[in-house]
Each structure stands twice: as C-alpha cells, then as structure tokens.
Amino acid sequence: MAHPPPRLRRPSRFGAAAVAGRLALCAAAGASTVAATPGDGIAEPLTTTAASAERGRALVANRQQSLCVLCHQVPLPEVRFQGDISTNLAGAGARWSAAQMRLRLVNPRALNPDSIMPAYFTTAPRSRVGVAWRDKPILDAQQIEDVIAWLQTLR
Amino acid sequence: MLLLLASGSMYAQNSPEMRRSGITYTSPGTQALQADDSQNPGMLWVRDGAQRWTIPSGDARKSCADCHGAIATMRGVAARYPAASPSSGSAASAAGRVITLSQQINRCRVEQQRAPAWPPEHADLLALESAIAFESRGLPMAPPAQPALSAAQTRGEALYRQRIGQVDLSCHDCHDRLAGKKLGGNTIPQGHVTGYPIYRLEWQAVGSLQRRMRGCMTAVRAEPYAWNAPELVDLEAWLAKRAAGMRIESPGVRP
C-alpha cells in the first residue's frame, strides 16, 4: 500500500544543505516507499489501521524486538536492566507530539546525524546487515504507530 | 585550527590518561575473581596451555619447548601481536602479512609440528594462547613499528568507525562515546584489549578477541566477519595500537 507524502506540522527548521534531499522511507520490507521532507515531525500516521497503545507498551517492554530499553529508561517497573544511554521516556507524551515522535523514530539522524539512535523505519544506507534483518526496518509501520500511541499516554 | 582541535577532542576517551581497562567497569566480585590467580577461572586455560607447551605433537613429534625453550621465553611476545609474520622460508607462508597471535601459533603447528591447524576457538589453541599471553602479564601493550602493521592499523581504525548492521552502530559509537553508560544491564567499557583471551562469565569459558568482536557485530544485527578474515585481523591490529602502553592483564575476567 502506498502512502501519500506525509504533510509536515510546520515548515522545516533545516535548510536543504543541512539535510540533503528527501527521506526515503521503507514502509515495509520490499513494499512501498513514501517520502517526507524532514522537519520537526511527520504529521501523517504511517498506517491507516488504528494504533494500539497496549501493543506499543508490549513492544517497548520487549528488549529483543524493539531494543528501546537497552538505551532508554521507561516507566515500566517490571522491565529489568533498563539502560541509561539516552532520554528517560517518563512523561514523553507531554514533551513530544505524535508527529515529533514519528520523525524521531523513523529517522532520528535526520535531526542529529551524530545521534546514537538508529533509524527505526529507514533501511538505507546500511552496511553488512545480517541476513535475517536485510532490507527490513527495525520496526514496521504499524509497530511504529503502536509505540507512538503508548508513548503518547505517558504524561 | 583551534576549533578543529576542540571538536576533534570531543570524544577523546582515547587520550592515554583517560584510558581505563574494562575490569574497572566490572563489579567488585568480578574484579576479585580476576585479581586472585587461585580464583580466576582463566588460570585453568593458562595451566593447560603451559602443559601443552612441552607435549610433542604432529608428524614432527616436536613440542613448542623443543624450538622455543621454556615458556618463560615468551615474555613480551603477546604484547607485540598482531604483527607482520616473520619469514619462515616456507613458500606456503605469507611473510610480511599481518597475523594474530593465534594465527602464529597455528603457523608453528602446521610448519614446525606438521600437525593440522586448530579451528578457531579450539580449546587447545585458546589454552596455548592463554599461557603465552600470561607470560606478558604486567607488560605494556607494544605493537612494533612495521609498515605492514601500520597499514593494518589504519584499515582497522576505519572499520572501527564504520557503522554496521541494522542497528547501524560503529565500535566508536559505543566504546568511545558511551563508555561507562548502561546498555541494558551492562556497563559499556572503553574496549581496550588488555585481557585477552578473556574468561567471560556469559560464555562460562575463555574466548578470543575475535569471538568478542563477532558477538558485538551480531548484537548490532550485522553479518559478522568470518574467523580470521582480514577485517578482523585489521581490527585487532588497530585495537592493539589503541591500547598501546596499557598493561596486559591476561587472563582477564569479564561479565
């Protein structure tokens, strides 16, 4: 399924020189491609299916799948061994809009090329990706939306 | 120019005075385990290797000691590897090629003992490597000045800085920029290779630096380089230079 180019919440803060060209977003393995100009957010959801905060919570709690808690503290006391590399996500919903979160999950390095956080929804360019992961985003479109839905509940 | 220098030093955990052995990031229990030779599990491999040193092997029925003498003559050897391999007069060997200590052990085994090379991570190979590394304990890492090694170090540093895998991270991203931070439940060390072969509690065994690097590559969802691939040897060469001057602590113990 092809998505229309997401509309931006507000005009890009970045000049063409800062982030060259448009982001190629891989919507699903080998499937469609959507394009967005990086700004401070991606307003349009990546899927038309309703997002589930419950599924998003389970994804965040699953370190092998989403990897979130390797770097972030999250307000899930039952999840042990949370990393402290990046932002504590408690209260995230009050700090970032869904559109801002979407861009930060899809490709945080569009905002900060030096970011440790990898792009969760772009697959290129990558080097030496393991066979099991090749040409796949870390999370698919629905998983991104589900994670955003849960993060938005953190106020 | 000053600005350039300032930005270049942003992640200067490589500067000698800021370098820390990985053991300093571990729990007091792990540190105690490494510090006491009667408790350090890696010493089992060291003792096994020291015994093997004197056992004749291969069609030549020669032991390591037959050529080298007592294992104590190996003092300082592990501190120099990887290094350009010395010429052996054998047409099959690639003199001048940079090789690791374990490759040099296998080279002796094939050329001098006339025995089949051990596969990577073979228990006997790790034992001999542990015993030889132990002889250099306390010495500073001292990669020699060799053109071939210098080229390998340069290639290795480029690989160290290359982001790889679906998670798209480089060695540099974590070990220079995030040392001391918690990745899940584990503290990220600076990644100085002073304790190899190490006894890793997660492995319940001694393993090589290549095993450790391949584990990291899998963790970032990359295709690990094959055992003894030129890229892994180059990475080892760079890491030895990066740790040059630091004291060897083999057998290291790590979580």
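**Entry 1. The cores**

Before I looked anything up, I wrote down that a nonpolar core is a set of buried Ala, Val, Leu, Ile, Met, Phe, Trp, Tyr and Cys residues joined through C-beta atoms within 7 Å. I also noted that this is a predicted model, and I kept that in mind throughout.

I then asked which residues touch the most other members in the largest nonpolar core. That core has 42 residues, and I found that B:Ala78, B:Val98, B:Ala131, B:Ile132 and B:Ala237 hold this place. Helix α6 of chain B (residues 123-135) gives the largest share of this core, with 8 residues. I checked how the core sits with respect to the domains of chain B, and at least three of its residues come from each of domain 1 and domain 2.

I followed up on B:Ile132, and once I left aside its neighbours within four places in sequence, I found B:Ile132 in contact with B:Met74, B:Val77, B:Ala78 and B:Leu101. Another core, of 41 residues, lies apart from the largest one, and I listed A:Ala141, A:Ile148, B:Cys171 and B:Ala179 among its members. As a general background note, I wrote that nonpolar side chains tend to be buried together in soluble globular proteins.

**Entry 2. Helices α3 and α6 of chain B**

Since α6(B) had come up already, I looked at its meeting with helix α3 of chain B (residues 42-52), and the two axes come within 7 Å and cross at roughly 95 degrees. Angles of 65 to 115 degrees count as roughly perpendicular, and therefore α3(B) and α6(B) are placed in that class. From α3(B) I noted B:Gly42, B:Trp45, B:Val46, B:Asp48, B:Gly49, B:Ala50 and B:Arg52, which meet B:Asp124, B:Leu126, B:Ala127, B:Leu128, B:Ser130, B:Ala131 and B:Phe134 in α6(B). When I sorted this contact by class, I had 8 nonpolar, 3 polar and 3 charged residues.

**Entry 3. The two domains of chain B**

I took the domain bounds from the assignment, which gives domain 1 of chain B as 17-37 + 140-254 and domain 2 of chain B as 42-135. The centres of these domains, taken over C-alpha atoms, are 22 Å apart. I asked how many residues of domain 1 are in contact with domain 2, and I found 29 residues of domain 1 touching 23 residues of domain 2. On the domain 1 side, at least two residues each come from α7 (147-160), β5 (198-200), β6, α9 and α10 of chain B, and α10(B) gives the most, with 4 residues. I divided that side by class into 20 nonpolar, 6 polar and 3 charged residues.

**Entry 4. Helix α9 and B:Ala243**

In helix α9 of chain B (residues 209-219), I found B:Leu209, B:Gln210, B:Arg211, B:Met213 and B:Arg214 buried. These buried residues pack against β6 (205-207) and α10 (230-242) of chain B. After α9(B) comes B:Arg221, and I noted that its phi is positive, near 60 degrees.

I next asked whether B:Ala243 is buried or exposed. B:Ala243 lies in the loop between α10 and β7 (252-254) of chain B, and it counts as buried because it has 21 C-beta neighbours inside 10 Å, where the cut-off is 20 or more. Apart from neighbours within four places in sequence, B:Ala243 is in contact with B:Met141, B:His192, B:Val193 and B:Thr194.

**Entry 5. Chain A and its contact with chain B**

I counted 6 helices and 2 strands in chain A, which run β-β-α-α-α-α-α-α from the N terminus on. Of its 155 residues, 35% count as buried. Among contacts in chain A between residues at least 6 apart in sequence, 62% join residues at least 24 apart.

I looked at helix α1 (residues 53-61) and helix α6 (residues 141-152) of chain A, whose axes come within 7 Å and cross at roughly 95 degrees, and α1(A) and α6(A) are therefore roughly perpendicular to each other. The residues making this contact include A:Ala53 and A:Leu59 of α1(A), and A:Val147 and A:Trp150 of α6(A). By class I found 7 nonpolar, 2 polar and 3 charged residues in this contact.

Last, I turned to where the chains touch, and the contact takes 20 residues from chain A and 18 residues from chain B. Helix α3 of chain A (residues 68-71) gives the largest share of the chain A side, 3 residues. I divided the chain A side into 13 nonpolar, 3 polar and 4 charged residues.

Technical notes
Residues are numbered from 1 along each chain as its sequence is written. Chains are lettered from A and ligands numbered from 1 in the order in which they are written. This is a predicted model: local features need pLDDT of at least 70, side-chain atom pairs count only at pLDDT 80 or more; totals for chains, interfaces and linings use all residues. Two residues are in contact if their C-beta atoms, placed from the backbone, lie within 7 Å. Ala, Val, Leu, Ile, Met, Phe, Trp, Tyr, Cys and Pro count as nonpolar, Asp, Glu, Lys and Arg as charged, and the others, Gly among them, as polar. A residue is buried if 20 or more other C-beta atoms lie within 10 Å of its own, exposed if 12 or fewer, and partly exposed in between; C-beta atoms are placed from the backbone. Domain bounds come from an automatic or database domain assignment. Axes are lines fitted to C-alpha atoms, for helices over the stretch in contact, and angles run from 0 to 180 degrees between N-to-C directions. Angles under 35 degrees count as roughly parallel, over 145 as roughly antiparallel, 65 to 115 as roughly perpendicular and the rest as oblique.
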